[in-house]
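Visitor: Hey, can you walk me through this one? I'd like to start with how the helices sit against each other.

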Amino acid sequence: MKKTLLASTVFAMTVAFTSFAAAQDAEIRIATEGAYPPFNFTDTDGSLKGFDVDIANALCEEMKAKCAIVAQDWDGIIPGLMANKYDAIIASMSITEERKQQIDFTNKYYTTPLAVIAPKDGDVKGVSVEELKDKVVGAQASTTQANYATDVYEKAGIEVKLYPTQEEAAADLQNGRIDALISDKFVVVDWLNGDGKDCCAMVGDVPGTETEAGIGIRKGEEELKERFNTAIDAIVANGTYGKIVAKYFPFDIY
(Lines give C-alpha, C1' and ligand atoms only; values in the text may rest on other atoms or scores of the structure.)
Protein backbone atom coordinates (compact mmCIF):
# COMPACT_ATOMS: atom_id res chain seq x y z
CA MET A 1 0.00 0.00 0.00
CA LYS A 2 2.82 2.40 0.90
CA LYS A 3 4.52 1.70 -2.42
CA THR A 4 1.23 2.29 -4.23
CA LEU A 5 0.67 5.60 -2.42
CA LEU A 6 4.26 6.66 -3.07
CA ALA A 7 4.02 5.75 -6.72
CA SER A 8 0.72 7.64 -7.03
CA THR A 9 2.20 10.69 -5.35
CA VAL A 10 5.28 10.67 -7.58
CA PHE A 11 3.10 10.22 -10.66
CA ALA A 12 0.85 13.13 -9.65
CA MET A 13 3.86 15.36 -8.99
CA THR A 14 5.36 14.39 -12.35
CA VAL A 15 2.13 15.18 -14.18
CA ALA A 16 1.81 18.50 -12.36
CA PHE A 17 5.41 19.43 -13.16
CA THR A 18 5.00 18.40 -16.79
CA SER A 19 1.80 20.44 -17.10
CA PHE A 20 3.50 23.45 -15.52
CA ALA A 21 6.51 23.12 -17.81
CA ALA A 22 4.26 22.75 -20.84
CA ALA A 23 2.34 25.86 -19.81
CA GLN A 24 5.59 27.79 -19.41
CA ASP A 25 6.82 26.68 -22.85
CA ALA A 26 3.53 27.13 -24.68
CA GLU A 27 3.16 30.02 -27.11
CA ILE A 28 1.22 32.95 -25.65
CA ARG A 29 -1.25 34.35 -28.16
CA ILE A 30 -1.87 38.07 -27.67
CA ALA A 31 -4.58 40.18 -29.33
CA THR A 32 -4.47 43.91 -29.96
CA GLU A 33 -6.80 46.11 -32.00
CA GLY A 34 -4.45 47.58 -34.56
CA ALA A 35 -6.54 50.74 -35.01
CA TYR A 36 -5.84 52.85 -31.92
CA PRO A 37 -2.67 54.89 -32.53
CA PRO A 38 -0.25 55.50 -30.92
CA PHE A 39 -1.09 52.53 -28.68
CA ASN A 40 -1.70 50.03 -31.46
CA PHE A 41 -1.93 50.42 -35.22
CA THR A 42 -1.24 48.61 -38.48
CA ASP A 43 1.80 49.95 -40.34
CA THR A 44 1.97 50.37 -44.12
CA ASP A 45 3.69 47.00 -44.43
CA GLY A 46 0.85 45.30 -42.52
CA SER A 47 2.80 44.83 -39.29
CA LEU A 48 1.38 45.74 -35.89
CA LYS A 49 3.07 48.65 -34.15
CA GLY A 50 2.56 50.97 -31.20
CA PHE A 51 2.95 51.27 -27.45
CA ASP A 52 0.81 48.21 -26.67
CA VAL A 53 2.75 46.10 -29.15
CA ASP A 54 6.11 47.23 -27.75
CA ILE A 55 4.91 46.51 -24.21
CA ALA A 56 3.69 43.06 -25.28
CA ASN A 57 7.05 42.24 -26.86
CA ALA A 58 8.94 43.52 -23.80
CA LEU A 59 6.81 41.42 -21.46
CA CYS A 60 7.30 38.32 -23.58
CA GLU A 61 11.06 38.90 -23.61
CA GLU A 62 11.07 39.35 -19.83
CA MET A 63 9.06 36.13 -19.38
CA LYS A 64 11.30 34.37 -21.94
CA ALA A 65 8.09 33.35 -23.66
CA LYS A 66 7.32 32.71 -27.29
CA CYS A 67 4.45 35.02 -28.28
CA ALA A 68 2.28 35.69 -31.30
CA ILE A 69 0.52 39.06 -31.61
CA VAL A 70 -2.62 39.26 -33.75
CA ALA A 71 -5.08 41.99 -34.71
CA GLN A 72 -8.71 41.74 -33.62
CA ASP A 73 -11.58 44.20 -34.14
CA TRP A 74 -12.45 45.91 -30.87
CA ASP A 75 -16.09 44.78 -30.73
CA GLY A 76 -15.02 41.14 -30.88
CA ILE A 77 -11.91 41.30 -28.73
CA ILE A 78 -13.43 40.06 -25.44
CA PRO A 79 -15.57 37.36 -27.12
CA GLY A 80 -12.45 36.18 -28.96
CA LEU A 81 -10.55 35.82 -25.69
CA MET A 82 -13.42 33.88 -24.11
CA ALA A 83 -13.60 31.65 -27.19
CA ASN A 84 -9.89 30.76 -26.76
CA LYS A 85 -8.78 32.45 -30.01
CA TYR A 86 -5.91 33.97 -27.99
CA ASP A 87 -4.69 34.02 -24.41
CA ALA A 88 -4.39 37.71 -23.57
CA ILE A 89 -5.51 41.17 -24.68
CA ILE A 90 -2.95 43.98 -24.71
CA ALA A 91 -4.94 46.74 -26.36
CA SER A 92 -5.26 49.70 -23.97
CA MET A 93 -8.28 48.07 -22.33
CA SER A 94 -9.46 49.94 -19.26
CA ILE A 95 -10.10 47.84 -16.19
CA THR A 96 -13.80 48.23 -15.39
CA GLU A 97 -16.23 46.39 -13.14
CA GLU A 98 -18.40 45.55 -16.14
CA ARG A 99 -15.53 43.89 -17.99
CA LYS A 100 -14.42 42.08 -14.84
CA GLN A 101 -17.74 40.22 -14.92
CA GLN A 102 -16.50 38.50 -18.10
CA ILE A 103 -12.72 38.38 -17.90
CA ASP A 104 -9.85 38.93 -15.48
CA PHE A 105 -7.12 41.58 -15.58
CA THR A 106 -3.50 41.90 -14.60
CA ASN A 107 -2.23 44.89 -12.68
CA LYS A 108 -2.20 48.16 -14.64
CA TYR A 109 0.45 48.97 -17.22
CA TYR A 110 -0.62 52.59 -17.65
CA THR A 111 -3.14 55.16 -16.40
CA THR A 112 -5.12 57.67 -18.46
CA PRO A 113 -7.94 60.22 -18.12
CA LEU A 114 -10.57 61.02 -20.72
CA ALA A 115 -10.49 64.31 -22.61
CA VAL A 116 -12.63 66.25 -25.07
CA ILE A 117 -11.35 67.81 -28.29
CA ALA A 118 -13.19 70.05 -30.74
CA PRO A 119 -12.58 72.12 -33.91
CA LYS A 120 -10.48 75.23 -33.34
CA ASP A 121 -13.04 77.41 -35.09
CA GLY A 122 -16.02 75.92 -33.19
CA ASP A 123 -17.80 77.15 -30.10
CA VAL A 124 -17.16 74.18 -27.80
CA LYS A 125 -15.19 75.62 -24.90
CA GLY A 126 -15.66 73.06 -22.12
CA VAL A 127 -16.43 69.45 -21.21
CA SER A 128 -19.48 69.89 -18.99
CA VAL A 129 -23.05 69.03 -19.90
CA GLU A 130 -23.94 72.73 -19.98
CA GLU A 131 -21.05 73.55 -22.32
CA LEU A 132 -21.94 70.71 -24.71
CA LYS A 133 -25.67 71.42 -24.83
CA ASP A 134 -27.12 71.13 -28.37
CA LYS A 135 -23.86 69.61 -29.64
CA VAL A 136 -23.11 66.21 -31.19
CA VAL A 137 -20.41 64.30 -29.29
CA GLY A 138 -18.59 61.33 -30.81
CA ALA A 139 -16.80 58.40 -29.19
CA GLN A 140 -15.51 54.93 -30.06
CA ALA A 141 -18.11 52.29 -29.19
CA SER A 142 -17.59 49.73 -26.40
CA THR A 143 -15.06 51.94 -24.57
CA THR A 144 -14.98 53.83 -21.29
CA GLN A 145 -15.40 57.06 -23.23
CA ALA A 146 -18.50 55.67 -24.93
CA ASN A 147 -19.87 54.70 -21.52
CA TYR A 148 -19.26 58.21 -20.19
CA ALA A 149 -20.79 59.80 -23.28
CA THR A 150 -23.99 57.74 -23.03
CA ASP A 151 -24.25 57.73 -19.23
CA VAL A 152 -23.60 61.45 -18.78
CA TYR A 153 -24.00 63.40 -22.01
CA GLU A 154 -26.77 61.42 -23.68
CA LYS A 155 -28.82 61.21 -20.50
CA ALA A 156 -28.63 65.01 -20.30
CA GLY A 157 -30.11 65.32 -23.80
CA ILE A 158 -26.87 65.67 -25.77
CA GLU A 159 -26.69 63.70 -29.01
CA VAL A 160 -23.99 61.02 -28.92
CA LYS A 161 -22.65 59.26 -32.00
CA LEU A 162 -20.63 56.05 -31.58
CA TYR A 163 -18.07 54.68 -34.03
CA PRO A 164 -16.46 51.25 -34.58
CA THR A 165 -12.95 52.76 -34.41
CA GLN A 166 -11.21 55.83 -33.02
CA GLU A 167 -9.97 56.72 -36.51
CA GLU A 168 -13.53 56.94 -37.88
CA ALA A 169 -14.61 59.16 -34.99
CA ALA A 170 -11.63 61.48 -35.51
CA ALA A 171 -12.32 61.66 -39.26
CA ASP A 172 -15.90 62.77 -38.63
CA LEU A 173 -14.71 65.44 -36.21
CA GLN A 174 -12.21 66.67 -38.77
CA ASN A 175 -14.92 66.75 -41.46
CA GLY A 176 -17.43 68.63 -39.32
CA ARG A 177 -19.92 65.80 -38.85
CA ILE A 178 -19.69 66.00 -35.05
CA ASP A 179 -18.99 68.95 -32.76
CA ALA A 180 -16.69 67.27 -30.25
CA LEU A 181 -14.95 63.99 -29.53
CA ILE A 182 -14.41 62.36 -26.14
CA SER A 183 -11.49 59.96 -26.00
CA ASP A 184 -8.52 58.60 -24.11
CA LYS A 185 -6.39 61.71 -23.58
CA PHE A 186 -3.12 60.18 -24.74
CA VAL A 187 -4.67 58.99 -28.01
CA VAL A 188 -6.04 62.42 -28.91
CA VAL A 189 -2.81 64.16 -27.88
CA ASP A 190 -1.02 62.00 -30.44
CA TRP A 191 -3.68 62.75 -33.08
CA LEU A 192 -3.56 66.50 -32.37
CA ASN A 193 0.19 66.41 -32.91
CA GLY A 194 -0.33 64.74 -36.28
CA ASP A 195 -3.37 64.57 -38.56
CA GLY A 196 -5.54 66.75 -36.33
CA LYS A 197 -3.11 69.60 -35.65
CA ASP A 198 -4.66 72.04 -38.14
CA CYS A 199 -8.32 71.38 -37.40
CA CYS A 200 -8.74 70.73 -33.73
CA ALA A 201 -7.62 71.43 -30.19
CA MET A 202 -7.92 70.04 -26.69
CA VAL A 203 -10.90 71.44 -24.79
CA GLY A 204 -10.00 69.83 -21.48
CA ASP A 205 -9.78 66.73 -19.31
CA VAL A 206 -13.02 65.16 -18.09
CA PRO A 207 -12.92 65.28 -14.27
CA GLY A 208 -13.04 61.97 -12.40
CA THR A 209 -12.46 59.74 -15.43
CA GLU A 210 -8.92 58.47 -14.81
CA THR A 211 -8.75 54.74 -15.51
CA GLU A 212 -6.09 52.03 -15.50
CA ALA A 213 -5.32 49.89 -18.53
CA GLY A 214 -4.54 46.23 -17.86
CA ILE A 215 -3.95 43.00 -19.74
CA GLY A 216 -7.14 41.01 -20.22
CA ILE A 217 -7.01 37.26 -19.60
CA ARG A 218 -9.57 34.51 -19.15
CA LYS A 219 -10.90 33.90 -15.65
CA GLY A 220 -9.05 31.13 -13.85
CA GLU A 221 -5.73 31.70 -15.65
CA GLU A 222 -3.96 32.61 -12.41
CA GLU A 223 -0.53 31.35 -13.47
CA LEU A 224 -0.54 33.43 -16.65
CA LYS A 225 -1.79 36.44 -14.70
CA GLU A 226 1.07 36.17 -12.22
CA ARG A 227 3.63 35.77 -15.00
CA PHE A 228 2.41 38.99 -16.60
CA ASN A 229 2.27 40.85 -13.27
CA THR A 230 5.83 39.83 -12.43
CA ALA A 231 6.99 40.90 -15.89
CA ILE A 232 5.21 44.28 -15.65
CA ASP A 233 6.95 44.98 -12.34
CA ALA A 234 10.29 43.91 -13.83
CA ILE A 235 10.19 46.11 -16.95
CA VAL A 236 9.12 49.11 -14.86
CA ALA A 237 11.99 48.49 -12.42
CA ASN A 238 14.70 47.83 -15.01
CA GLY A 239 13.93 50.88 -17.17
CA THR A 240 12.54 49.07 -20.21
CA TYR A 241 9.08 50.51 -19.59
CA GLY A 242 10.40 54.09 -19.41
CA LYS A 243 12.26 53.68 -22.70
CA ILE A 244 9.08 52.49 -24.43
CA VAL A 245 7.03 55.37 -22.99
CA ALA A 246 9.64 57.89 -24.20
CA LYS A 247 9.15 56.69 -27.80
CA TYR A 248 5.53 57.83 -27.73
CA PHE A 249 4.97 60.40 -24.98
CA PRO A 250 6.90 63.31 -23.46
CA PHE A 251 5.46 62.50 -20.02
CA ASP A 252 5.01 59.54 -17.68
CA ILE A 253 1.83 57.52 -18.17
CA TYR A 254 2.32 54.85 -15.51
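Guide: Sure, and keep in mind that this is a predicted model. Helices α2 and α8 pack with an angle of about 105° between them, so they are roughly perpendicular to each other.

Visitor: How far apart are the axes of α2 and α8?

Guide: Their axes are 9 Å apart. Helix α2 covers residues 51-63, and α8 covers residues 222-237.

Visitor: Which residues make the contact?

Guide: From α2 you have I55, A58, L59, E62 and M63. On the α8 side, the contact uses R227, F228, A231, I232, A234 and I235.

Visitor: And how many of those are nonpolar, polar or charged?

Guide: Nine are nonpolar and two are charged, with no polar residues in the contact of α2 with α8.

Visitor: While we're on α2, is D54 buried or exposed?

Guide: D54, which lies in α2, is buried, with a relative accessible area of 18%. Leaving aside residues up to four places away in sequence, D54 touches I244, K247 and Y248.

Visitor: OK, new helix. Which residues of α6 are buried?

Guide: In α6, residues 166-174, the buried ones are Q166, A169, A170, D172 and L173. Looking down the axis of α6, you'd see them fall within an arc of 160°, so they line one face of the helix.

Visitor: What comes just after α6?

Guide: Just after α6 there's G176, with a positive phi of about 80°.

Visitor: Which residues other than glycine have a positive phi?

Guide: K64 is one of them, with phi near 55°. You'll find K64 in the loop between α2 and β5, and K64 is exposed at 77% relative accessible area. S142 also has a positive phi, about 60°. That residue sits in the loop between β9 and α5, and S142 is partly exposed at 43%.

Visitor: Why point those out?

Guide: Because most residues other than glycine have a negative phi, and most peptide bonds are trans.

Visitor: Speaking of peptide bonds, where is there a cis one?

Guide: Look at the bond from P37 to P38, which is cis with omega near 5°. P38 is in the loop between β2 and β3.

Visitor: Switching to charges: how many salt bridges are there?

Guide: The count comes to eleven salt bridges. One of them joins the side chains of E97 and K100, at 3.4 Å from N to O. Both residues are in helix α4, three residues apart, which is about one turn of the helix. E97 counts as exposed at 55% relative accessibility, while K100 is partly exposed at 34%.

Visitor: Which salt bridge links distant parts of the chain?

Guide: Try D205 and K185, whose closest N and O atoms are 3.2 Å apart. This pair links distant parts of the chain, with D205 in strand β12 and K185 in helix α7, 20 residues apart. D205 is partly exposed at 35%, and K185 is partly exposed too, at 24%.

Visitor: And which residues are linked in a network of salt bridges?

Guide: R29, D87, R218 and E221 are linked that way. Within that group, the side chains of E221 and R218 meet at 3.9 Å, N to O.

Visitor: Is R218 buried or exposed?

Guide: R218 counts as buried, at 15% relative accessibility. Its partner E221 is partly exposed, at 32%.

Methods
Residues numbered from 1 in each chain as written. Predicted model: local features only at pLDDT ≥ 70, side-chain atom pairs only at ≥ 80, totals over all residues. Heavy atoms only, no water. Axes fitted to C-alpha atoms, helices over the stretch in contact; angles between N-to-C directions. Helix = DSSP H or I, 4+ residues; strand = E, 2+ residues; numbered from the N terminus. Parallel < 35°, antiparallel > 145°, perpendicular 65-115°, else oblique. Contact = heavy atoms within 4.5 Å. Nonpolar A, V, L, I, M, F, W, Y, C, P; charged D, E, K, R; others polar. Buried < 20%, exposed > 50% of the residue type's maximum accessible area, 1.4 Å probe, protein only. Arc of directions from axis to C-beta. Salt bridge = Lys/Arg side-chain N within 4 Å of Asp/Glu carboxyl O.
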